[in-house]
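Reader: I should like to go through this protein with you before I plan any further reading. May I put my questions one at a time?

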Amino acid sequence: MKKHGNLILLVMIGLTAALTVIVNADDQGDAWANKKSGWLLLSAADRQQVGDFAEDYKSYLNVARTAEGSTREVERRARAAGFTEYTDAAQVKPGARLIFPNRGRALILAVIGSRPILEASEVVAAHQDSPHIDLKARPIYPAGGFALFKTIYYGGIKKYQWSNLPLALLGRIDTSDGRTLEVSVGLNPGDPVFVIPDNAPHSDSELRNRTYTNVLQGEELDPVAGSIPGEKDTVALEVVKLLTSTYKIKEEDLVSAELALVPAAHPADVGFDHGLVGAYGQDDRLSSFCAVRAIEDLKGVPARTALAYLTNFEEVGSVNNTGAGSEFLSSTYAQLLSAQRSGAFNDLDLRQALHNSQVISADADDGINPIFPGTEEPSNAARLGFGVAIKLYGGGFNAPSEYTARLRTLMDRDNIPWQTQTPKVDVGGGGTIGGFMSRQGMEVIDLGVPLLSMHSPFEMSSKVDVWNFYRAMSAFYAQP
Ligand SMILES: [Zn+2]
């Protein structure tokens, strides 16, 4: 931040004493000027923990590349940490560690507290889906001697970022004869990948006047799926034959499939100092991972029931029965409440339980970009490495101030660095799942970790922020 002259205020105290107060007139108050990078607050032991946490995070990101992939990996980790699937009300006892699955695409992990859920509970909510490119129902077509995939993009992508990039094909095919086949091509050594071909600079003069957002258009996001023709058949027919014989399906089975193209690159550290994690899908599997680790690492019986709520479809408006717009969370509350009240469930109790709950709506946010600093309003933008961002969007979207104060106090108590994030007026923005919970009467705050290259195929986060977000969630769950 630029500094200009100092304004010297002379404050007279009594008749004789004068106190000199120096105010940096053009600077922000000391509270902000003195905020240090989270890296400068670490002991040697902390630094080791930051590194270890990031390694575990990267191993999760490497396999959790879709909402379904994340759900599967989170369930695997949860079972290893002593969680079991909820099947019976008798399981709901203080200290119980339960999994509430939702169709393999969303889930809730819960640790039952000593206090009744009617009185108090803590939810960390995040989404597991990330922007990607889906296959259309009739996905293979011939073009220029190649077979290409017909696609439709999902979420807010900048389309040009997805060309010339190795893409993996992940998802499932459900056949008319009742089988579910898992598809995963492009992540293992020797696997083929799929690539959207851009035009060479040698022949693109007529394309050069396209605007920033239209370098590639929606119907041009079609990667190469094959290139070898058959003796009689076209390349496209050969690819269809390969696909149907590999998975023992009919071509029509691709209508009942969820197949996503996602970046095939593996997570890696960014920078000589290994300070950043670079990987696809950190919005918002960063928050998902922190929530899962925080609830798994809860020791003993917490006072308040803790829930980690991992949703789907946030990037397209939290739609469907696995999105945050569904009743999945309130139905899970109803199950827990009914179990704690020996089956005597009533709707007023449910509303009371939701009213008495506290929520961290956790989602990544945009950090100041060193190349384009002007796209943020720097005095209120989040910076990588400076801790958990309290998102203050304005326009009625902020958490109630008393709840914000409570979270600040909690983070200050544990020396967890935090900052704030407000987008540039009339320019920036973004949505979270917080609104779906606050309309149920729950107390909700939006917290996040800033990313560089957000929503791109390779997003970057600061390892120290990821660790501090986990610590904030752990402190939140451990409240009396
Ligand atoms: Zn997000």
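The questions below concern confidence, strands, the nonpolar core and one loop residue.

Reader: What average pLDDT does the chain have, and over which residues is the pLDDT below 50?

Author: The model is a predicted one. The chain averages a pLDDT of 93, and 94% of the residues score at least 70. The part with pLDDT below 50, which has 25 contacts in the model beyond near neighbours in sequence, is residues 1-26.

Reader: Which strands stand at the edges of the five-stranded open sheet?

Author: The sheet has mixed pairing and follows the order β13-β14-β22-β21-β17. A strand at the edge has a single partner strand, so one side of it is left without a neighbour in the sheet. The strands in that position are β13 (268-270) and β17 (365-366).

Reader: Which helix packs on this sheet, and about what angle does its direction make with that of β22?

Author: Within the sheet, β21 (residues 450-452) and β22 (residues 459-462) run antiparallel and are joined by two bridges. L451 has S461 of β22 as its bridge partner. The helix touching β14 (276-279), β21 and β22 is α10 (residues 463-477), and the angle with β22 is about 65 degrees.

Reader: Which residue of β20 is the bridge partner of I360, and which is that of I390?

Author: Strand β20 (residues 443-448) is mostly covered, with five of its six residues buried. It runs parallel to β16 (residues 357-362), with five bridges between them, and pairs with β18 (residues 388-391) in the antiparallel sense over two bridges. The partner of I360 is I445, and that of I390 is L447.

Reader: Between which domains does the largest nonpolar core lie?

Author: This core has 118 residues, and V124, A125, A291, A308, V466 and M473 are those with the most contacts inside it. Its largest share, nine residues, comes from α10. Two domains give residues to the core, so it lies between them: domain 2 (38-130 + 280-477) and domain 3 (132-263).

Reader: Which residues does V466 touch, not counting those up to four places away in sequence?

Author: V466 is one of the residues with the most contacts inside the largest nonpolar core. Residues up to four places away in sequence are left out of the list that follows. V466 touches F53, A54, Y57, V277, L286, C290, V449 and S461.

Reader: Is N312 buried or exposed?

Author: N312 is placed in the loop between β15 (305-311) and α6 (328-340). A residue needs 20 or more other C-beta atoms within 10 Å to count as buried. N312 has 29 C-beta neighbours inside that distance, so it is buried.

Reader: How far apart in space are N312 and D129, C-alpha to C-alpha?

Author: Setting aside neighbours within four places in sequence, the contacts of N312 are A67, R105, A106, H127, Q128, D129, T322 and G323. N312 and D129 are 183 residues apart in sequence. From C-alpha to C-alpha, their separation in space is 5.3 Å.

Reader: Which residue in the turn between β7 and β8 has a positive phi?

Author: Strands β7 (residues 132-143) and β8 (residues 146-154) run antiparallel and are joined by eight bridges, with A143 opposite F146. β8 is also joined to β11 (residues 224-226) by two antiparallel bridges, where A147 stands opposite G226. β7 and β8 form a hairpin with two residues between them, and the residue with a positive phi, about 55 degrees, is G144.

Methods
Residues numbered from 1 in each chain as written. Predicted model: local features only at pLDDT ≥ 70, side-chain atom pairs only at ≥ 80, totals over all residues. Pairing = 2+ DSSP bridges. Helix = DSSP H or I, 4+ residues; strand = E, 2+ residues; numbered from the N terminus. Contact = placed C-beta atoms within 7 Å. Axes fitted to C-alpha atoms, helices over the stretch in contact; angles between N-to-C directions. Buried ≥ 20, exposed ≤ 12 C-beta atoms within 10 Å, placed from the backbone. Core = buried A, V, L, I, M, F, W, Y, C linked by C-beta atoms within 7 Å. Domains from an automatic or database assignment. pLDDT = per-residue confidence, 0-100.
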